[in-house]
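Here are a few exercises to work through with the model open beside you. Try each task before you read the solution.

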Amino acid sequence: MLICRVIGHVWATKKQDALNGQKLMIVKETETAQGKGDVFVAADMVGAGVGEDVLVVTGSTARRAAGKEGVPVDSAIVGIIDSMEIMKENKNRK
């Protein structure tokens, strides 16, 4: 599961029939110690809006979240983050 921020919408005039009616959003993965997060498109399963932090699943989990195994979805938004607390790791632990 990835933590991402919704940064935009995708409007497509020609797409797969299986995606008809599916809201597609542009999301940016949260930056990590390894560098900046990727930007990609995710199917919106929960009604997320631009600027919201969301939980995203990928692969077969995303297809199950979309309700059909045959849907051409590689990532899906499955939750909106209301609050988040991240504890810093203590490097002096033994």
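**Exercise 1. Start with Asp53: find how open it is, then find its charged partner and place both in the fold.**

Solution. Step one: Asp53 has 23% relative accessibility, so it counts as partly exposed (buried means under 20% relative accessible area, exposed over 50%, partly exposed in between, with a 1.4 Å probe and protein chains only). A quick word on ground rules: this is a predicted model, where local features need pLDDT of at least 70 and side-chain atom pairs count only at pLDDT 80 or more, while totals for chains, interfaces and linings use all residues. Residues are numbered from 1 along each chain as its sequence is written, and side-chain values use heavy atoms, with hydrogens and water left out.

Step two: the partner is Arg5, whose side chain meets that of Asp53 in a salt bridge at 2.9 Å, N to O. The term needs a side-chain nitrogen of Lys or Arg within 4 Å of a carboxyl oxygen of Asp or Glu.

Step three: Arg5 sits in strand β1 (residues 2–10) and Asp53 in strand β4, so the pair ties together parts that are 48 residues apart in sequence. Arg5 is partly exposed too, at 40% relative accessibility.

**Exercise 2. Lay out the fold: what is the order of elements, and how do the strands close up?**

Solution. Begin by counting: there are one helix and five strands. Both are DSSP runs numbered from the N terminus, helices being H or I with at least four residues and strands E with at least two. Read from the N terminus, the order is β-β-β-β-α-β.

Next, follow the pairing, which requires that DSSP finds at least two bridges between two strands. The five strands make a closed barrel, β1-β2-β3-β5-β4, with mixed pairing. On average, neighbouring strands of this sheet are turned by 55° against each other, direction ignored (axes are lines fitted to C-alpha atoms, for helices over the stretch in contact, and angles run from 0 to 180 degrees between N-to-C directions).

Last, zoom in on one pair: β4 (residues 53–58) and β5 (residues 75–80) run antiparallel and are joined by five bridges. Across from Thr58 you'll find Ser75 in β5.

**Exercise 3. The structure holds three salt bridges; track down the ones made by Lys23 and Asp74.**

Solution. Take Lys23: its partner is Asp44, with the closest N and O atoms 3.3 Å apart. Lys23 is in the loop between β1 and β2 (24–29) and Asp44 in strand β3 (residues 39–44), so this pair links parts 21 residues apart in sequence. Check their burial: Asp44 is buried, with a relative accessible area of 7%, while Lys23 is partly exposed at 36%.

Now Asp74, which bridges to Arg63, the closest N and O atoms being 3.8 Å apart. Asp74 lies in the loop between α1 (60–65) and β5, and Arg63 in helix α1, so the two tie together parts 11 residues apart in sequence. Asp74 is exposed at 58% relative accessible area, and Arg63 is partly exposed at 22%.

**Exercise 4. Which residues form a nonpolar patch on the surface?**

Solution. Look for Ile3, Met84 and Ile86, which together have about 290 Å² of accessible area (Shrake-Rupley method, 1.4 Å probe; for residues, only the protein chains shown count as cover). Patches take residues with over 30% relative accessible area and no salt bridge, joining like charges within 9 Å and nonpolar side chains (Val, Leu, Ile, Met, Phe, Trp, Tyr) within 5 Å. Ile86 belongs to the segment after β5, and at 69% relative accessibility it counts as exposed.
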